[in-house]
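Here's a quick briefing to read with the model open beside you. We'll start with a helix, move through some sheets and hairpins, and finish with a couple of buried polar side chains.

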Amino acid sequence: MKKILAIVSCMLLANNMVLAQGARMVTSGVIEFEKKVNMHTIAKQELGTPPYSYRVLEVEEYKKTVPQFMTFTSKLTFGDNKSLFTPLPVSSSSYVNLYDNPMGMQLNTVYADMNTNSLVAQKEIYGDLFIVKDSTRKITWRLTGETQEIAGFTCRRANGIILDSVYLVAFYTDKIWFSGGPESFTGLPGMILKLAIPHENVVWTATKVTEQTVPAATLAPPKKGTSISPKALYDKLKDHMKDWNSIGDYELKIFML
Amino acid sequence: MKIAIASIVLLFAFVFSCVAQTPYSIKGVVVDTVDKAKIRATITVINAKDSILVKFARSNTDGTFTVTGLPAGKFSLWITHPDYADHTENFTLDATNPTHDFGSVNLLLRERVLNEVKIKGAPIALRIKGDTSIIDARAYVIQPNDKVEDLLKQVPGMAVDKDGKVTFMGEQIKKYLVDGEEFFGDDPLLVTRNLRADMVDKMQVYDRKSDQASITGIDDGVKVKTLNVTLREDKKNGMFGKVSAGAGNKGLYNGQAMLNKFKGDYKLSVYGTTANNGDNGLGDDDAAKLGTQSTTTVTFDDGSTGTYFGSGDDYDESYYGGSGFPSARTGGVHYDTKWNEKKQSINTNYKIGEMALTNSVNTISQQNLPAQPTTIDPADNILNRTSDRNSYNHTFRQRGDVTFQSNPNPSTSLKIAVDGTFKNIDNNSSNGSTLTNGDGKLLTRETQTQRESGQQKAFNASFLYSKKFKKPNRVFSWNVSETYNENTSTLKFYSHIYTPANTPVDSIIDQNKPTVTSTSVLNSNITYNEPLSKTLSLGLNYGLGFNNSSADRESFNRSGSGNYDQLDTRFSNNYKFNQVLNQLGAVFSFTSTDTKTTFTVGSKASKVNFKQIDQYTAKVYKRDFINWSPQARFQRKLSASEFITMQYNGGNSQPTIDQIQPIRVNTDPLNIVVGNPNLGPSFRHNMSAYYNTSQAITGKSFYINAYYSFSANSIISNITYDKFGKSTTQYRNLSDKMPRNYGFYSNLSRKIGEFDANIYISINGNTSYSYSNNVLNQSDNTTYRTSLRLGTYKAKKYNFSISGGPTYNFSKQSLQAERNYNSAGFNGGIYFGLYLPAKFQLSSNFDYDYQGAVQNAPAVSQPMLSASLNRSFFKNESLKLSVTGNNLLDVNPNNRNITATGFTQTNYATIRRYFMVTLSWDFTKFGTTNTPAN
């Protein structure tokens, strides 16, 4: 068994190594991402200000019974200057998402078209499906000299600010000539293979990069849902959650990410 | 594949040309250093200063690249390729070099360090969000054992003076909270000089509304500049404190001990101090606390400002302002705790203190009177007064308070607060003053002694209940407060006035004056907020207030037996006052659907019934009036960090009872006040606007505010002088002119190289009116001030700051148009701190204050220099021995005040130069106290 595992991992590694070593640039393929969330910490965001006492008790109980970290998987297919980010269903039986925290779910299917610099995101919010058409997101990126190896690729670190206040840490590789990334995070001179929102206790990490040609048909924007502009969605949510005090502010921010 | 790449390049060219049609661009060719092979690399352009990504592109198959649509500025080019070492190069684009051609860029197949790129990952030092400025503690240098004050001194726009008063963007911070909780009755120094800087996570500065306003959203106009210190979660469990003892020459000493224990649900703090060098550190602004409101109290602007009884409280300040020789001992305990899942909380404080102040003050003043037809000698139009006053004041005070809060569910809250203060006061003073005319001819000479001893008691109790309903924005609240004050005092008063031109030339008052005053104020305010639509809501309030007061003042002359037992009925009186206030208010609030715009408009009307009963004569004086106070406020969020606010409020000011019918007093025989029963109310209009923007990433911030206010039918004084220099004051309404105040303040902060730079400009001016010998005088004053501050530091190496700027004061009196009191001044300071080998530290502070000479008053120049050398012991530097020299240039401070018709200059006695040796020990028991890496 161990042997088989060793061989498989060697093969996988070799596959990645080949990609990483060659001078050839990657322009199409499939990337598998893993979203890791600190469920205990995000639960505290739903306590309210001042904290609802019953929730304080519930969160304490939750922390005792549910593992601290939860992992979700997703895939990003890219090619022909377009990409589609699709969440994969949760299989774990121990998955409990207290108060339906939006960060503890995968709600977005995101199509990006770099030719027109536009995004089409399908968002599932409190049971509703919305189709949000937007330009690629405005993120102020600051490059640092730091590097990290992710899925066999040398990645460069960039710190970013999205929605004017949310701090991001991204690692991108200029080996992949596609300025995309998980969810709606784009805009770096290469593919984002790791993205953390430190203050929201979440990190997306690429676990596997496969270079392959991608049939154009697989890169189609999601269609199902009510079309809505980002601003209209924001207003709608804001209105919906206006009495939720800090919980509303928190969830709104997560939905708009 | 080729097509795809070409389209990528095209795409970027397209995108960039859309974003900005600027003429700036770069180009070049990327090749291998060795074999000159063309390389297809990623071309990234970042700001040279902060490494922010500006544009990126990819080179073509032939290695050529162009990046267009760049702005002007300084950049770094970053050419990267997985197989090659990064190439970085700085370049500048400006009008003379719109295009930069890098020519052939050679890449090496080897690693290279990115040393040309400055990476600054520091947190953002100061962010302004709407009405709140957020200061991130991690962005500042924190030395071991630094206190919150050391942190505040580094914040752009924040100024900390030597007494520990903090000013932010030109406004003084009045209230201090720790994690949103009051701490020692918000005594500022207990927060700024006790709490450790390394415990701080964030600080917020904002305008705190009254409890009722913040719960209900109905603005009652009460706003206090507040600093809230948020502690780091990991530092909330532990114990810390400080013990220090110092001894100096001239018999000066200073001792402090503080202990704080913070644990999840409670905070316990104890302190004690003793000092006679004025650095009693934990002073408190007691005058603002005694007999005034706790935070829940309803305050009605009933327009009848001013006290009903002359207060006689002039020296009632335990806060040492640098004048005289103080000695103080203080101590206190603070405890707060939360329980039942933080639904209930108690916050309690007890403070005890004793302060004595010995002072001697010399005052020179000049008053210019309009030429009078009856005056033969023009020299009589100038009055020069000099006075010497020696005093000793002693105060012993105890204060306790308890606040209970309960939030049984998210929609209901209840707050009950009770406090009490006891005070014993002894004030003794002797005063000699001389009044001469312009030629130096003696008009009067007065010698006066006063010995006063008294007790003061003050109690406050308040209750606030609020309930939010299911329907959003529907809120009910009820606030009730009771305030009770009682003062008992006896004054022994002696005055001898010598007037050479009068007969008789001598006038003597020798009296014993017992006084008992009491005030009881009960207020109730009910508010209700109702949403009218999704964007509009209406807030209503009804207030009811009762004020019952009494003032019994007696004056006894000395009889033949030597006892003070002859009642002087002219200067004895006993009044009772009753006031009933009914207030109704309505305010509409509009919030746009995008929540970017808010607008409120409304008004309050108060009906006041006032009754004064003279207990001696049973005469009743009644007064009924209605006050209007309209208000409007507009705020728009232009972007996440850009706000504009405009507001207006207006209100009646009723004449005070002292202006209508003053109580006769003879403690100031040379200055008499005469009532005017025909006085009417004045109406004041206040307008203000402010704008702020902050660019978080680059650390730039800009703030601007302006205000303008004017009064219609304002109440002004008319002072007439007789030929002996005695003044008589009467108030009247000014109908055809409007006094006004205006101001402007602007602050700009940014980083320049290694320096944090901050510049502000302020303009303050007013036009005021007064009558002098029945002739109207218009006084125009404008003060211009600007100051630049540059600061730099290197952790564990040095800390340096320099600030300064000129002040111009323009002052003009219409009665003496030929004279002016214009003066130029300068304020500045230099601070440096140096880390020397072997754990020695040297620091020095120099402040310079200069006011130019004006008519008959010489220039005031005050250079204040202090220096300190200290050595730290132990690994965590917790033990410190320091030698401090204060006021090294041995300057005697004085101050000058320009009034409508002249000036007053005061010189006071003070400790002056002294040296002190201090040993202090900081102790902590947290998990870690490491200085954050910067």
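Start with helix α3 of chain A, residues 53–65: its 13 residues should span 18 Å at 1.5 Å a residue, and the end C-alpha atoms sit 19 Å apart, so the two agree. Bear in mind that this is a predicted model. After that helix, the rest of the tour is in chain B, with strands that pair in the antiparallel sense.

**Helix α3 of chain A**

- Four residues of α3(A) are buried: A:S53, A:R55, A:V59 and A:Y62.
- Looking for what covers those buried residues of α3(A)? The cover includes α2 (39–44) and α5 (245–256) of chain A.

**A four-stranded open sheet in chain B**

- Reading across this open sheet, the strand order is β3-β2-β5-β6 (chain B), and the pairing is antiparallel.
- At its edges are β3 (53–58) and β6 (84–93) of chain B, each of them pairing on one side only.
- From one strand to the next, the twist averages 20 degrees.
- Zooming in on one pair, β2 (residues 42–47) of chain B runs antiparallel to β3(B), with five bridges between them.
- If you want a register marker for that pair, B:T42 has B:R58 in β3(B) as its bridge partner.

**A three-stranded open sheet in chain B**

- Here the order is β10-β11-β12 (chain B), and the pairing is antiparallel.
- The edge positions go to β10 (158–160) and β12 (171–172) of chain B; each has a single partner strand, so one side of each has no neighbour in the sheet.
- β10(B) and β11 (residues 166–168) of chain B run antiparallel and are joined by three bridges.
- Within that pairing, B:M158 stands opposite B:F168 in β11(B).

**Two hairpins that share β24(B)**

- Strand β23 (residues 412–437) of chain B pairs with β24 (residues 442–468) of chain B over 25 bridges, in the antiparallel sense.
- To check the register, find B:N431, which stands opposite B:Q448 in β24(B).
- With four residues between them, β23(B) and β24(B) make a hairpin, and B:G440 in the turn has a positive phi of about 90 degrees.
- On to the next pair: β24(B) runs antiparallel to β25 (residues 475–498) of chain B, and 24 bridges join them.
- The marker to look for this time is B:T447, opposite B:H496 in β25(B).
- β24(B) and β25(B) also form a hairpin, with six residues between them, and in this turn B:N473 has a positive phi of about 70 degrees.

**Two buried polar side chains in chain B**

- B:D336 lies in strand β20 (residues 325–339) of chain B.
- Is B:D336 buried or exposed? Its relative accessibility is 4%, so B:D336 counts as buried.
- The side chain of B:D336 has a polar contact of 2.8 Å with the side chain of B:H334.
- Leaving out residues up to four places away in sequence, B:D336 touches B:E181, B:D265, B:Y266, B:K267, B:I346 and B:N347.
- B:N809 is found in strand β42 (residues 798–813) of chain B.
- With a relative accessible area of 16%, B:N809 is buried as well, because the cut-off for buried is under 20%.
- The partner for the side chain of B:N809 is the side chain of B:T783, in a polar contact of 2.7 Å.

Notes. Residues numbered from 1 in each chain as written. Chains lettered and ligands numbered in written order. Predicted model: local features only at pLDDT ≥ 70, side-chain atom pairs only at ≥ 80, totals over all residues. Heavy atoms only, no water. Pairing = 2+ DSSP bridges. Axes fitted to C-alpha atoms, helices over the stretch in contact; angles between N-to-C directions. Expected span 1.5 Å × (residues − 1). Buried < 20%, exposed > 50% of the residue type's maximum accessible area, 1.4 Å probe, protein only. Contact = heavy atoms within 4.5 Å. Polar contact = N/O pair within 3.5 Å; in protein donor to acceptor, adjacent residues only side chain to side chain.
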